[in-house]
Amino acid sequence: MTDDPRTWDDSLLRAALDAHPDLRWGPFAVIPSTGSTNADAADQVREGAPEGFAVVADEQTQGRGRLDRAWSSPSGAGLAVSLVLRPVVAESAWGWLPLLAGLAVVEALQGLGVPAALTWPNDVMVDGPAHDGGPGPRKLGGILAERVEDAVVVGIGINTDLDLDELPVGRATSTRLEGARVRREELLVAILDRLRDRYTTWQLAGGDAVRSGAADAYAERCLMVGRPVRASLPGGEVLEGTAVRIGSDGALVVATDDGAERAVSAGDVLLVR
Ligand code: BTN
């Protein structure tokens, strides 16, 4: 095993997977460099990749984020993985998949001693000001879920070893900067473990996130619930109010000053300090 966290160690991944024989993820394609693991996984879906297939890359040169943003993945400094899911529950429930993934990531990070939390819909954050003194919370990672044919590709990006001078934006952070020495191989297996649990329970509940317990678990870890937010909606409208809960459909419910409640199911939502 190498001590350098930037050098991917396949034997560590195998050992961590062997310690969890019931995980049922894979096969795994681990590659040194690619444009985007989501694009690669989507290609594999078109070739018939099964549920659980995963692409992991040491480096992405064209990593994609939500809302057409770019996602920076310098070599070895982060976890970049895309999973193929073929849910058996009704498609109307699939909107919960990226939230389940975000929840699983936060649970995995918390289990490894990283004080991670969620902002809606699935940003992985650490509460507190940015490292450059600007407003927080700090962004540790994110999820990009994309529908491909009759599957969903769930892409997960987590900054692990980035140092201050490598942060792509002032509000970014990494597990290293949060004081945790987290190996990507172990983080991946911890995420797969939590996601298997959340995904299975949710499917057994017929895709009902409330009944499966995911909605409450998500709300408990969401920095926005109970706090003032500003939502930039797709049509250009800006909505301000207090986030009150996560709806059964995964929308963020925002109470406005006039006492009305609005469900935000798309757009960019920020905490207002
Ligand atoms: C976001 O916060 O905007 C989502 C970022 C998602 C990044 C991951 S890294 C693995 C996968 N491949 C991509 O191109 N994007 C996702």
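The following paragraphs describe the overall fold dimensions, surface and charge distribution of a predicted model, and then the surroundings of one arginine, Arg221.

In the predicted model, the protein chain contains five helices and 12 strands. The C-alpha atoms of this chain occupy a box of roughly 60 × 45 × 30 Å when taken along the principal axes. The radius of gyration of the protein chain is 18 Å, which agrees with the value near 19 Å that would belong to a compact globule of 273 residues. Of the 273 residues in the protein chain, 54% are buried, and, where contacts between residues at least 6 apart in sequence are considered, 64% of them join residues at least 24 apart.

The accessible surface of the protein chain amounts to about 11700 Å², and carbon and sulfur atoms account for 49% of that area. With regard to charge, the protein chain carries 26 positive and 40 negative charges, and the mean positions of these two groups lie 2 Å apart.

At the level of single residues, Arg221 is placed in the loop that runs between helix H5 (214-220) and strand S8 (228-232). When neighbours within four places in sequence are left aside, the residues in contact with Arg221 are Leu103, Val106, Glu107, Gln110, Ala117 and Leu118. With Gln110, which is one of these residues, the contact includes a polar one between the two side chains, that of Arg221 and that of Gln110, at 3.3 Å.

Note on methods:
Residues are numbered from 1 along each chain as its sequence is written. This is a predicted model: local features need pLDDT of at least 70, side-chain atom pairs count only at pLDDT 80 or more; totals for chains, interfaces and linings use all residues. Side-chain values use heavy atoms; hydrogens and water are left out. Helices (H or I, at least four residues) and strands (E, at least two) are DSSP runs, numbered from the N terminus. The radius of gyration is taken over C-alpha atoms; the globule rule is 2.2 Å times the number of residues to the power 0.38. Buried means under 20% relative accessible area, exposed over 50%, partly exposed in between (1.4 Å probe, protein chains only). Contact means heavy atoms within 4.5 Å. Accessible areas come from the Shrake-Rupley method with a 1.4 Å probe; for residues, only the protein chains shown count as cover. Lys and Arg count as positive and Asp and Glu as negative; His and the chain ends are not counted. The place of a charge is taken as NZ of Lys, CZ of Arg, CG of Asp or CD of Glu. A polar contact is a pair of N or O atoms within 3.5 Å; within protein, one must be able to donate a hydrogen and the other to accept it, and residues adjacent in sequence count only if both atoms are side-chain atoms.
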